[in-house]
Amino acid sequence: MESPFKSDILKGKVALLTGGGSGIGYEISAQLGKHGASIAIMGRRKHVVDSAVSALRSLSIQAIGFEGDVRKRDDAIRVLESTINQFGKLDILVNAAAGNFLVPAEDLSPNGFRTVIDIDSVGTFTMCHEALKYLKKGGPGKNPSSGGIIINISATLHYTATWYQIHVSAAKAAVDSITRSLALEWGTDYDIRVNGIAPGPIEGTAGVRKLAPEEISSKRREHVPLFKLGEKWDIAMAALYLASDAGKYINGTTLVVDGGLWLSSPRHYSKEAVKQLSRTVERRSRDAPVGIPRSKL
Ligand code: COA
């Protein structure tokens with residue numbers, strides 16, 4: 001699908017994306033690149049990173065890839081330094097690396113819980129922490145009065161509670177909290193805008209394959225207000241909006257891109273039934289003698 005944004009809105013910018021080699025992370029890489037940014041991607045699997053870089057280059061995007069695990073601070077430092085060596089600066093950091101699997105809480109070992117917290121929450125903090133000196137105003141290649149941008153990929157699982165997702169819900173709650181704290185501290189001190197995106201179920205991603213296999217998703221689709229799964233493109237457009245000047249006054253927010261799914265709940269009555277019921281209840285309460293408790297109506 002064609003982008004509604006001008007193709008040069010990120011001209012001259014440099015973006016580093018963790019988890020940028022596949023899924024939502026790759027689509028964000030491609031769209032930031034198509035809109036003018038040079039792209040560095042970081043991922044654990046070398047062959048995935050390599051083929052993503054080739055695909056980006058085939059779109060005439062300046063791209064480079066690094067093998068690295070966000071759980072390792074040394075990897076974060078090395079990949080950031082290499083990005084600066086290659087492109088001279090960093091303007092946009094997208095934290096898209098994540099881990100997930102379905103598991104009932106009672107079957108999840110503390111190490112399984114910790115693994116996801118380490119990737120999603122600690123990994124996001126580590127990348128932000130090590131990127132600060134490059135992203136802040138006056139950093140290498142930066143204007144003395146304007147800093148860079150961080151986008152953290154989150155989820156909506158923790159807005160209520162989600163079955164078999166205790167680890168990821170806790171991890172993403174921490175990510176949202178990190179987004180707000182850094183928006184406050186680094187927005188004030190360094191002119192860095194920090195925002196998040198909370199995708200709903202996005203077709204063709206590891207998230208949907210792992211969490212909503214076809215037999216579950218076809219039933220759930222009835223409850224999605226817009227009645228469809230999202231596309232990776234939807235998330236990439238949200239990232240473009242936040243990363244471009246269109247988002248220059250947005251700081252500390254997590255943009256939900258889920259078609260309204262997290263608000264949804266099963267419809268217990270049809271509209272017709274509600275109209276009937278509502279009038280009957282009104283009539284009963286109008287006709288009832290004064291003084292009768294409502295519970296007796
Ligand atoms: N159910 C229950 N526990 C599980 C599990 C599952 N499906 N998968 C992993 N675990 C547990 C392991 O048993 C282990 O705990 P233990 O030592 O107490 O046994 C712990 O999690 C770490 O597992 P391990 O396989 O060593 O971790 P890893 O670092 O190789 O992989 C994962 C990390 C598990 C998050 C893996 O799913 C992954 O790499 N995911 C990345 C891609 C992804 O999930 N994308 C979706 C984003 S929405």
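**Helix packing and the ligand shell**

Trainee: In this predicted model, helix H3 (residues 73–87) and H4 pack with their axes 9 Å apart, at an angle of about 35 degrees. What makes this pair a contact, and which residues make it?

Mentor: Contact requires heavy atoms within 4.5 Å, and the residues that make this contact are Arg73, Ala76, Ile77, Leu80, Glu81 and Ile84 on the H3 side, with Thr126, Met127, His129, Glu130, Ala131 and Tyr134 on the H4 side. By class, the contact of H3 with H4 has 7 nonpolar, 2 polar and 3 charged residues.

Trainee: Which hand does the crossing of H3 and H4 have, left or right?

Mentor: The crossing in which H3 passes H4 is right-handed.

Trainee: Why is the approach of Ser109 to the ligand called a polar contact?

Mentor: A polar contact is a pair of N or O atoms within 3.5 Å. An N or O atom in the side chain of Ser109 is 2.5 Å from an oxygen atom of the ligand, so the pair falls within that cut-off. The side chain of Arg71 has an N or O atom 2.9 Å from a ligand oxygen, and this pair therefore qualifies as well. For Asn100 a backbone N or O atom lies 3.0 Å from an oxygen atom of the ligand, so that pair also meets the definition.

Trainee: How much of the ligand does the protein cover?

Mentor: The ligand on its own has 930 Å² of accessible area, of which the protein covers 55%.

Trainee: Which helices supply at least two residues each of the shell around the ligand?

Mentor: They are helix H4 (110–135) and helix H6 (206–211), and H4 gives the largest share, 4 residues. Of the 15 residues around the ligand, Arg44, Arg71, Ser109, Asn111 and Lys210 come nearest, while by class the shell has 5 nonpolar, 7 polar and 3 charged residues.

Note on methods. Residues numbered from 1 in each chain as written. Predicted model: local features only at pLDDT ≥ 70, side-chain atom pairs only at ≥ 80, totals over all residues. Heavy atoms only, no water. Near = heavy atom within 4 Å. Polar contact = N/O pair within 3.5 Å; in protein donor to acceptor, adjacent residues only side chain to side chain. Areas by Shrake-Rupley, 256 points an atom, 1.4 Å probe, with all protein chains shown as cover. Nonpolar A, V, L, I, M, F, W, Y, C, P; charged D, E, K, R; others polar. Axes fitted to C-alpha atoms, helices over the stretch in contact; angles between N-to-C directions. Left-handed = near helix turned anticlockwise from the far one by under 90°.
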